[in-house]
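Reader: I have a model open and would love to talk through it with you. Could we go through it one question at a time?

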Amino acid sequence: MTAEVITGSPKEISRPLERTMADKTEEAGGVHFPFPFTPYAIQKDFMAALYQVLEAGKIGIFESPTGTGKSLSLICGALSWLRDFEQKKQEEEERLLEAGADPLNDGKGQAPCPPPSCQQSPGSPRAAGEPDWVTQFVQKKEERELVDRLKEGQVRRKKREERLRQIRHNASLKFAAKRMRQEDEETERLLRLSREMLAAGTGPEQLAWGEDELVLAEYESDEDKGSASGVDADEDDLEEEHVTKIYYCSRTHSQLAQFVHEVQKSPFGKDTRLVSLGSRQNLCVNEDVRKLGSVQLINDRCVELQRSKHEEKSVIEEEKPGRRRRLEPRATCPFYNHKQLQLLRDEVLLEVKDIEQLVALGKEARACPYYGSRFAIPAAQLVVLPYQILLHAAARQAAGIRLQGQVVVIDEAHNLIDTITGIHSVEVSGSQLCQAHSQLLQYMERYGKRLKAKNLMYIKQILYVLEKFVTVLGGNVKQSPNTQSLSQAGTELKTVSDFLFQSQIDNINLFKVKRYCEKSMVSRKLFGFTERYGAVLAPSREQPKLSGFQHFLQSLQPGVTAAPAAPAEEGEDRAPRPASPLMHIEGFLAALTTANQDGRVILSRQGSLSQSSLKFLLLNPAVHFAQVVKECRAVVLAGGTMQPVSDFREQLLACAGVEAERVVEFSCGHVIPADNILPLVICSGPSNQQLEFTYQKRELPQMMDETGRILCNLCNVVPGGVVCFFPSYAYQRQVHTHWDKSGLLARLAVRKKIFQEPQRVNQVEQVLLEYSRCIQHCGQAGGMVTGALMFSVVGGKMSEGINFSDNLGRCVVMVGMPFPSIRSAELQEKMAYLDQTLPLSFSMPSPIMPAAVPTRPTGPAPEPGCVTVTENTRRRQESALTGHLLCPSQPRAPGQVPPGKALVENLCMKAVNQSIGRAIRHQKDFASIVLLDQRYARPPILAKLPSWIRDRVQVKATFGPAFAALRKFHREKSGSS
């Protein structure tokens, strides 16, 4: 990877990160790392390895168990690199400026060369055989231009430094800005009243008051017009040059808030320009908008208020003398004001703030935190955001994120592949298709004579597409979806091309339809129409969830806003309402424009049309991750349990075109002493029953009885809390019922009070509180009951993000191996896809291509109720049409697991690793981990455990030695504690 390219003004800092710090400074690998306390040895190794990855422009996969201070290591390691990078760049810029200002440097001597990455300008190729004087002239011109850019950058940097210094030391500026804002609001109010008075004298209206907003404006495609910027001139003033920065992403807002608090406590807390990004739902301070409740309505209303502002301004500019126009008063957001946003942007950069502090600041300054934080991105050094924003190209663009030459750190990255797949997989129900068709048809009948030809053409295309989607499911758009019974039931998978052909829409350009939906905002108009005239088709009570993170993405992309299909009845409480059905379908249409070989369409027919659905399933997440790794200087994937890492290397990085040499793995041990953890694989129970919880054997009464006897023995010797994980909710209920009838549950209750993981999210906190109180009470009171036993589910609400530290989790038991359901059509197709394409991924990346030319499906129609996987039998035929060459399956080495089977094993072990990692949470913690299944003893399975657990695992063929080891471990640890 080449060094930083200096293009345009230098990437500057306003407060150098290298200022003197009162905290400890540790040296590792020749680099000084400021740290709030003396770090562990593994933290030093982590920071040194991270520094090298960022310096060399690599892709790093970092595993650091929970409790080892991963967040602090990421902060101090990454910001130390940024500190040194900025310092080197400033020194280089000063050297170049000195050389450019030197009067003796008239071209006779050798001028200092710019950095290697700046020596060749894309616009100035060197032609062979040019005269020396031409080459010297061009070189001198480039050097002068470079010096000019550096000088401009210095001026901008000094202006910003002075602006921030004044704000920091002069509080009166805030009050002056507040007074100015109040004056502007009063002036705007008076102007609006004047316009209303002028508009009152207009002639009769053809439409009801306010109804003209519902009519689609004249649509011009990109081919019909040049690209016009819709950005206000004031907003241009808010934009700055993007400096080199670190984008830190995590899964939830609570995890991001925790990270920001770690930054505040770190030695870099007062010196870093940090910006926290979030959705409108989290950042909006306009109470009239916030009370709408749902993400889609908040996003839609926000965009509408901004459009009103720009349209109002354009109307005033376009008015000519002697021409009277009917003006309707349109609401604008009082928090979207140039001067206030500029002040908020500078306040954001002044000191580190989390989301809550940012919202409080926005309310005080009466400026929008959502846009204020985005305007602060260019000058920020550290941007904290949910990784849904980063992983979706449209969301990145909407947020103003530029990844070229930047650093991305994705924390909690163990489920990164699933996240990317979920973001880009979309599902629409038959009920939604019928609702959207009915609403759009009535909209066209109402306003058809007022619409321009292009609008009518696209609306008719959308209606045709909706009708064909319903037909392919076996329904009819003219009938209610709730009363339509389908003749066939079952699940069918098709390639994108085959689905388009079967639906008879292969002659429609979906790219143009998608662009029309975004530009015309037809979903918003349709929502206004249904709000005004009521529901045109009663939606079914069953509202399918948006797939993946679509709810979040809708709050970021103005072009795909959504709204509910119908208003609440008069006098009814307006709870957050579901999104417009057309908005769901827009996402599905966009997904259909993906590469044919990278996705499938699942037709799910479930008896009635309303319960049936169409789903786009993304098979190749690398196609969307490729742009991130291509543009960024370096990418770091970090997590507490990243094993098995082969998924990241093969499915994500290799398929995205990343060379194996660019990938660096780092895995550190735990901070706990080696004897503070006892991982056991138990192959048989007290009555010598072999433990193998396959789908066929796990429901046998003797298997469930043996599991109960093992738990009874464990509860006799383990103090405090025991957490027992089952593969599924159904199996947990089945075992619980069996034990209740056999009396085993009563025997367990003698030593431990029994709790079950609730299936409702809002009950989890209460159950955990009671569980914790029970353990605390038993530890103080003594007696027969020594703690509590929690029945949990792998992949459930307590298998990730919940800390069972200290007495809350002295023993974690894993019953069986939680393999995903092999009967799933989606999993079967994913396995087949990997078996076919993974050998190819090491030789060439999967290209991003438009949907392939459809071919007629061959072979007999599927039987009713069956699952058909048709793609992999015709892939070579498609490759001839698409030009996408597929190499034949290569012979595997002896003992090598096929990629599809490896996927199933990896999904299982990722879930296991997340669950068993709940127990050890800090340096002085101790716990035992019991894996109940003899399959865990197989070397390939053991290899997929985290190294700090794998290195200490003991495999026990019989129960006696295992029980003795457990009793000794807990006796010693409880005595010493």
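Reader: At roughly what angle do the axes of helix H10 and helix H11 cross?

Author: Happy to start there, with the note that this is a predicted model. H10 covers residues 338-350 and H11 covers residues 355-365. Their axes come within 10 Å, and the crossing angle is roughly 145°.

Reader: Which hand does the crossing of H10 and H11 have, left or right?

Author: In the contact, Gln 340, Leu 344, Glu 347 and Val 348 of H10 meet Leu 358, Leu 361, Gly 362 and Ala 365 of H11. By class, these residues divide into five nonpolar, two polar and one charged. The crossing of the two helices is right-handed.

Reader: Which residue in the loop between H11 and helix H12 has a positive phi although it is not a glycine?

Author: The loop in question leads from H11 to helix H12 (369-375). The residue there has a phi of about 50°, and a relative accessibility of 27% counts as partly exposed. The residue is Arg 366.

Reader: Is Met 521 buried or exposed?

Author: Met 521 also has a positive phi, about 55°, without being a glycine. Its place is the loop between helix H19 (510-520) and helix H20 (522-533). Its relative accessibility is 5%, and the cut-off for buried is under 20%. Met 521 is therefore buried.

Reader: How are H16 and H22 oriented to each other?

Author: H16 takes in residues 430-447 and H22 residues 581-591, and their axes come within 8 Å. The axes cross at roughly 115°, and angles of 65 to 115 degrees go by one name. The two helices are therefore roughly perpendicular.

Reader: Which residues make the contact between H16 and H22?

Author: The crossing of this pair is left-handed. By class, the contact has five nonpolar, four polar and no charged residues. H16 brings Gln 432, Leu 433, Gln 435, Ala 436 and Gln 439, and H22 brings Pro 581, Leu 582, His 584 and Ile 585.

Reader: How many of the 11 residues of H22 are buried?

Author: Among the buried residues of H22 are Pro 581, Leu 582, His 584 and Ile 585, which also take part in the contact with H16. Others on the buried list include Met 583, Glu 586 and Phe 588. H22 is mostly covered, and the number of buried residues is nine.

Reader: Which residue is joined to Gln 643 by a cis peptide bond?

Author: The omega of this bond is about -5°. The partner of Gln 643 has its place in the loop between strand S12 (634-639) and helix H24 (646-654). The residue is Pro 644.

Reader: How are H25 and H27 oriented to each other?

Author: H25 (residues 701-717) and H27 (residues 744-751) pack with their axes 9 Å apart. The angle is about 10°, and angles under 35 degrees fall into one class. H25 is therefore roughly parallel to H27.

Reader: How many charged residues does the contact of H25 with H27 have?

Author: From H25, the residues in contact include Asp 705, Arg 709, Cys 712 and Cys 715. They meet Leu 744, Arg 747, Leu 748 and Arg 751 of H27. Beside five nonpolar and two polar residues, the number of charged ones is four.

Reader: How many disulfides does the structure hold?

Author: Cys 724 is a useful case, buried with a relative accessible area of 0%. Its closest cysteine sulfur, in Cys 715, is 8.8 Å away, which is too far for a bond. The number of disulfides in the structure is zero.

Reader: Which residues does Ile 754 contact, leaving aside its neighbours within four places in sequence?

Author: Ile 754 lies in strand S16 (residues 752-756), and at 23% relative accessibility counts as partly exposed. Its C-alpha is 9.7 Å from that of Val 722, 32 residues away along the chain. Its contacts are Leu 745, Leu 748, Ala 749, Leu 789 and Phe 791.

Reader: How far apart in space are the C-alpha atoms of Pro 818 and Ala 911?

Author: Pro 818 sits in the loop between strand S18 (811-815) and helix H29 (825-841), and is buried, with a relative accessible area of 11%. Residues that Pro 818 touches include Pro 727, Val 794, Cys 908 and Ala 911. Pro 818 and Ala 911 are 93 residues apart in sequence, and their C-alpha separation is 7.4 Å.

How values were computed:
Residues numbered from 1 in each chain as written. Predicted model: local features only at pLDDT ≥ 70, side-chain atom pairs only at ≥ 80, totals over all residues. Heavy atoms only, no water. Axes fitted to C-alpha atoms, helices over the stretch in contact; angles between N-to-C directions. Helix = DSSP H or I, 4+ residues; strand = E, 2+ residues; numbered from the N terminus. Parallel < 35°, antiparallel > 145°, perpendicular 65-115°, else oblique. Left-handed = near helix turned anticlockwise from the far one by under 90°. Contact = heavy atoms within 4.5 Å. Nonpolar A, V, L, I, M, F, W, Y, C, P; charged D, E, K, R; others polar. Disulfide = S-S within 2.5 Å. Buried < 20%, exposed > 50% of the residue type's maximum accessible area, 1.4 Å probe, protein only.
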